[in-house]
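This report describes a structure for a reader who has not met it before. The sequence and the model come first, followed by notes on selected features.

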There are 2 protein chains.
Amino acid sequence: MAHRVVVVGAGFGGLPCVRRLRGGPVEVTLVDRRNYHLFTPLLYQVASCLLNPSEIAAPLRKVLHGAPDVRFRLGEVTGVDLGERLVHLADGAALPYDDLVLSIGSTTNYFGNDAIASRALGLKDLGEALRLRNHVLRVLERAATTSDPDARRALLTFCIVGGGPTGVEYAGALAELVRLVLPREYPELDRGEVRIVLLEGADRVLSMFPASLSAYAARQLRRMGVDVRLDRLVASATESSVTTRDGEVIPTETFVWTAGVEPSPLAAGFGLPLDARGRVEVDEHLRVRGVPHVYAIGDVAAARDRRGGELPMVSPPAMQAGRYVARAILAGIDGRPTRRFRYVDKGTLATIGRQSAVGTVGRLRFRGFVGWVVWLAVHLWYLIGFENRVRVLLRWAWYYVRLDRPVRAIIRSAPDHSAR
Amino acid sequence: MAHRVVVVGAGFGGLPCVRRLRGGPVEVTLVDRRNYHLFTPLLYQVASCLLNPSEIAAPLRKVLHGAPDVRFRLGEVTGVDLGERLVHLADGAALPYDDLVLSIGSTTNYFGNDAIASRALGLKDLGEALRLRNHVLRVLERAATTSDPDARRALLTFCIVGGGPTGVEYAGALAELVRLVLPREYPELDRGEVRIVLLEGADRVLSMFPASLSAYAARQLRRMGVDVRLDRLVASATESSVTTRDGEVIPTETFVWTAGVEPSPLAAGFGLPLDARGRVEVDEHLRVRGVPHVYAIGDVAAARDRRGGELPMVSPPAMQAGRYVARAILAGIDGRPTRRFRYVDKGTLATIGRQSAVGTVGRLRFRGFVGWVVWLAVHLWYLIGFENRVRVLLRWAWYYVRLDRPVRAIIRSAPDHSAR
């Protein structure tokens, strides 16, 4: 019987792992609660009306097709029996494994603040991106028919919390959406009434970049009309306002939260050793400490770099770890030893708006147009599927020239029948 | 003060009306509860994973941009004050009018059968098309992990009720989806297990076409593997079966209802004269009988052709009526008389699958590949927006060559916050 590998999670850790396992003497089952791989770095472009959801969501069966040794299983993992080596799913199935790879990712971190969690609009999955898109479009429509100045002010103020890449990229994209679409299509609204506020708790945005690039990004955002406020933490939120810790009340109907992620809380239920931040403890081969035949990778795992620092919760470490674990499993079957996992930092990129991005590769620093071209190339390269690449490139090219945002219909799926 | 025209409904009646009014000595307000014009003839291609929602949904503000005399108003009409000439919206606003055009369309007709209404999946708006797409993809996933033969049979049986264009086109597209995607991507499933049943109450499908084309369409569908059953009416439905009036029980988890439409029930609440079928009674100038300054067009209006027959509830009469009423309103402002409305039947088209369609134009009859090319050209021509045309054409060309169905992610918007 072939060696059975179950990979849980088809994100940036799980999918490269499965792809690298293909063709080996293994039977692979990839489990995910969604039927697609999501290219999260472009989520904000769905939220800002530039891309269709399907352009950043690759159906997993399509991605895997032609790999007879890989099965896809749609399902929610509810538990892992570490003794019997079984993965339990919500629909009652139990998947036996010889090796298990957990790549279950992260969720938005509201730092235990329920008022924030219940009011905030997240930007971490496609459902949230669509909700945010629909919300912004509805708020503009409501503002267009509201004459009360206070109500109008709250409707036209967009408060984004978190100066990391997601917050910065979404703030820039929203500013462009407003600049391109409002003057042409909302004669009822004055662009000058719109306020986009970006609140960051630290003293600079994009803190993973060198300080000079952070300063550049903030400058660019301000030039685009974004009100960048540093050293600001959010204390609470209501339906129509956000209050900072220093007591300022910002009237807003749109409160976007991108201020942090935490490892998937699922891991805690699996009986695995966790560190203080809730990440699964792994050894230098990405094996879960003290638990044979279980690997953890990506955001959920507390992997470390050569200097002992924790790896950031972004996609490149997850991708490298996924490929590493696949190699380690295949080597294990052959009885070959594997060297320890070594993360190679290839650099970081973030875009601020059309024609402007910041990036580092080793000691190199890019910014402005050059950074943007690098950003474009890298994101197209990593987008799963040739067709998606072509379509997204055409879309970008088209809208770069036409200055338009095409995906602006407020669309929701009809509610499911309760019985289905 | 300019003459105020309120047009309710941005479908195939309302939008051409507004476009024709543009530039006239009028102030036009277009009201719709959605922010987009929907190209309904291609809805089934969204439901069958070929097109993105945004490709058949044109944002109304974009369609209207550059027309300073036309305002768009997102809102739900709750009532019309015929004496004071006011349109009331759900958000409390009241829009005054000098002339009112009602183009509020139709809804799915379940013929008063609550069991059917609560179980059926409709295919009349984008929300329903997305629900149907997600449902079919989920059913295939569930079938892939179900070994019980009865459960599997119900999961892999797709029951479509109604042999009109929507039912025929969706049945054909679903058969193609199954043929293209199943063998490649669902190794757990055998294509031979899939049953697509098309139930039609009359003795032929596409009853608006000549009998020879109906027969051709049924033949083509059967060749594609669709089980076409004529003279079958549905009596009831449960979660996992459909029962016909002659007592047959068809186990199925997918019950699609395309068997009829009825005029929007909103009209009844407006105090307008209705005919026995619930359509608003109009004179030969499409004015609502006995109600000054109110026009009704499209599916909701009981307009008649030269021979006194009722116009069918399809898009061409609505489009012609929309343009006619715009001309009539402009003529009325100038004090010019208008000739009575005359519907010109330009023909009918329906597609059965890739490379096959039926159509009539006057006495001409098309079928097969020629019909399909005509179908393609006509549908591209009427798609609103140049970009959508280009994108849909590229999409069709690409997938015609690649034989793929790209839009297969199961995506739903996150639930709105109750407070928003």
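In this predicted model, helix α1 (residues 14-21) of chain B and helix α10 (residues 315-334) of chain B have axes that come within 7 Å and cross at roughly 35°. The crossing of α1(B) past α10(B) is right-handed. On the side of α1(B), the contact is made by B:G14, B:P16, B:C17, B:R20 and B:L21. The partners on α10(B) are B:M319, B:G322, B:R323, B:V325, B:A326, B:R327, B:I329 and B:L330. By type, the residues of this contact divide into eight nonpolar, two polar and three charged.

Next comes the contact between the chains. Chain A puts 45 residues into the contact, and chain B puts in 45 residues. On the side of chain A that touches chain B, the elements giving two or more residues are the strands and helices β4 (57-59), α3 (60-64), β5 (70-74), α5 (126-144) and α7 (165-185) of chain A. Of these, α5(A) gives the most, with nine residues. The residues on this side of chain A divide into 19 nonpolar, ten polar and 16 charged.

Chain A is also divided into two domains, listed below.

| Domain of chain A | Residues |
|---|---|
| domain 1 | 3-33 + 75-108 + 262-334 |
| domain 2 | 114-259 |

Domain 1 of chain A is thus written as three separate stretches, 3-33, 75-108 and 262-334. Taken over C-alpha atoms, the centres of domain 1 of chain A and domain 2 of chain A are separated by 35 Å.

Conventions:
Residues numbered from 1 in each chain as written. Chains lettered and ligands numbered in written order. Predicted model: local features only at pLDDT ≥ 70, side-chain atom pairs only at ≥ 80, totals over all residues. Domains from an automatic or database assignment. Contact = placed C-beta atoms within 7 Å. Helix = DSSP H or I, 4+ residues; strand = E, 2+ residues; numbered from the N terminus. Nonpolar A, V, L, I, M, F, W, Y, C, P; charged D, E, K, R; others polar. Axes fitted to C-alpha atoms, helices over the stretch in contact; angles between N-to-C directions. Left-handed = near helix turned anticlockwise from the far one by under 90°.
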